[in-house]
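Trainee: I would like to learn how to read a fold from its coordinates. Could we take one example and go through it step by step?

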Amino acid sequence: MPLMKSWVTSANSAESPFPLNNLPYGVFSTGDEPPRCGVAIGDMILDMAAAEDVGLVDMGEADVFFLPFWNDVMDLGPEAWAALRARLIAILSEGAAEQAEVEPLLVPMAEATLHLPIAVSEYTDFYAGRHHATNVGTMFRGPRTPCRRTGCTSPSAITVAPARSWSAARILSGPMARRKPPMPMRRVSAPANGSISSWKWERLSEV
């Protein structure tokens, strides 16, 4: 797909992860101001709460962008999502009539603090497949001892800390049984894990 041109200069660089073709949604704050919804464009963030306040975006519902999460927008469904994306592209495109109104609502990304973009009501991760389970079992308990996990609930968070792998549980059997954590792991299992985040409670058949 060719690069779409924006009046936000930094979004037109081939090195930019956030051109007009890719407008990720998030939650940010600056200074002492409360967190609110934003959309990344180049090296800037469009303040969606401010854009909604001045009427540049309208979701046809009560105000949804002043909240510190995107759950209310997600509840509106695919048609609303598509309309929002089209509106954002229209007002951020090169030659947009709304440039003078939108430009003051841009916040430098370098000055912003990012926050979790949705209020997660449920989260679980699980083995991606038999080979993932076999590899983890071999790492901790040796090749003859199977390892099984049915899933575990976990917290969700924004972090920029470097990843470092440490064993987090006592090894009860196998060649490493006498070694106690914390200790650096000699091998790392790094499969494409599957995970599901839910922003609202649903019966399983509806998810």
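Mentor: Gladly; we will go from the sheet to the helix, then to single residues and the core. Keep in mind that this is a predicted model.

Trainee: Let's start with the sheet. In what order do its strands lie, and with what pairing?

Mentor: The general idea first: strands of a sheet pair through backbone hydrogen bonds, either parallel or antiparallel. Here there is an open sheet of 5 strands, in the order β4-β3-β2-β1-β5, and the pairing is antiparallel. At the edges sit β4 (106–108) and β5 (113–115), each of which pairs on one side only. On average, neighbouring strands of this sheet are turned by 50° against each other, direction ignored.

Trainee: How many bridges join β1 to β5?

Mentor: Strand β1, residues 25–29, is joined to β5 by 3 bridges, and the two run antiparallel. To find the register, look for residues that face each other: S29 stands opposite T113 in β5.

Trainee: And at the other edge, which residue of β4 stands opposite L46?

Mentor: That is L106. Between β3 and β4 there are 3 bridges, again with antiparallel strands.

Trainee: What do β2 and β3 form, and how many residues lie between them?

Mentor: They form a hairpin, with 2 residues between the strands. Check the backbone angles in such a turn: G42 has a positive phi of about 60°. The two strands pair in the antiparallel sense over 4 bridges, and G38 stands opposite D47 in β3.

Trainee: Are the faces of β3 covered or open?

Mentor: Both are covered. M44 and L46 on one side are buried, and so are I45 and D47 on the other.

Trainee: Which strands does helix α3 lie across?

Mentor: Helix α3, residues 78–92, lies across β1, β2 (36–41) and β3 (44–47). To describe how it is laid, compare axes: α3 runs at about 65° to β1.

Trainee: Now a charged side chain. Why does R36 count as buried?

Mentor: Burial is read from relative accessible area, with under 20% as the cut-off. R36 counts as buried because its relative accessible area is 9%. This residue has its place in strand β2.

Trainee: Which side chains does R36 meet in polar contacts?

Mentor: One polar contact, of 3.4 Å, links the side chains of R36 and T30. Another, of 2.9 Å, links those of R36 and E33. Leaving out residues up to four places away in sequence, R36 also touches a list of others, among them G26, V27, F28, D47, F65 and F66.

Trainee: Let's turn to the core. Which residues touch the most other members?

Mentor: The largest nonpolar core has 30 residues, and those touching the most other members are I41, L46, M48, F65, W70, L84 and L92. β2, β3, α1 (48–53) and α3 each supply at least two residues of this core, with α3 giving the most, 5 residues. As a case to inspect, M48 has contacts beyond four places in sequence that include C37, V57, F65, W70 and L88.

Trainee: Why does L92 count as buried?

Mentor: L92 counts as buried because its relative accessibility is 0%. The residue belongs to helix α3. Beyond four places in sequence, L92 is in contact with S6, W7, V8, L20, L23, I41 and V102. For a separation along the chain, take A11: this residue is 81 residues from L92 in sequence, yet their C-alpha atoms are separated by 9.9 Å.

Methods. Residues are numbered from 1 along each chain as its sequence is written. This is a predicted model: local features need pLDDT of at least 70, side-chain atom pairs count only at pLDDT 80 or more; totals for chains, interfaces and linings use all residues. Side-chain values use heavy atoms; hydrogens and water are left out. Two strands pair if DSSP finds at least two bridges between them. Axes are lines fitted to C-alpha atoms, for helices over the stretch in contact, and angles run from 0 to 180 degrees between N-to-C directions. Contact means heavy atoms within 4.5 Å. Buried means under 20% relative accessible area, exposed over 50%, partly exposed in between (1.4 Å probe, protein chains only). A polar contact is a pair of N or O atoms within 3.5 Å; within protein, one must be able to donate a hydrogen and the other to accept it, and residues adjacent in sequence count only if both atoms are side-chain atoms. A nonpolar core is a set of buried Ala, Val, Leu, Ile, Met, Phe, Trp, Tyr and Cys residues joined through side-chain atoms within 4.5 Å.
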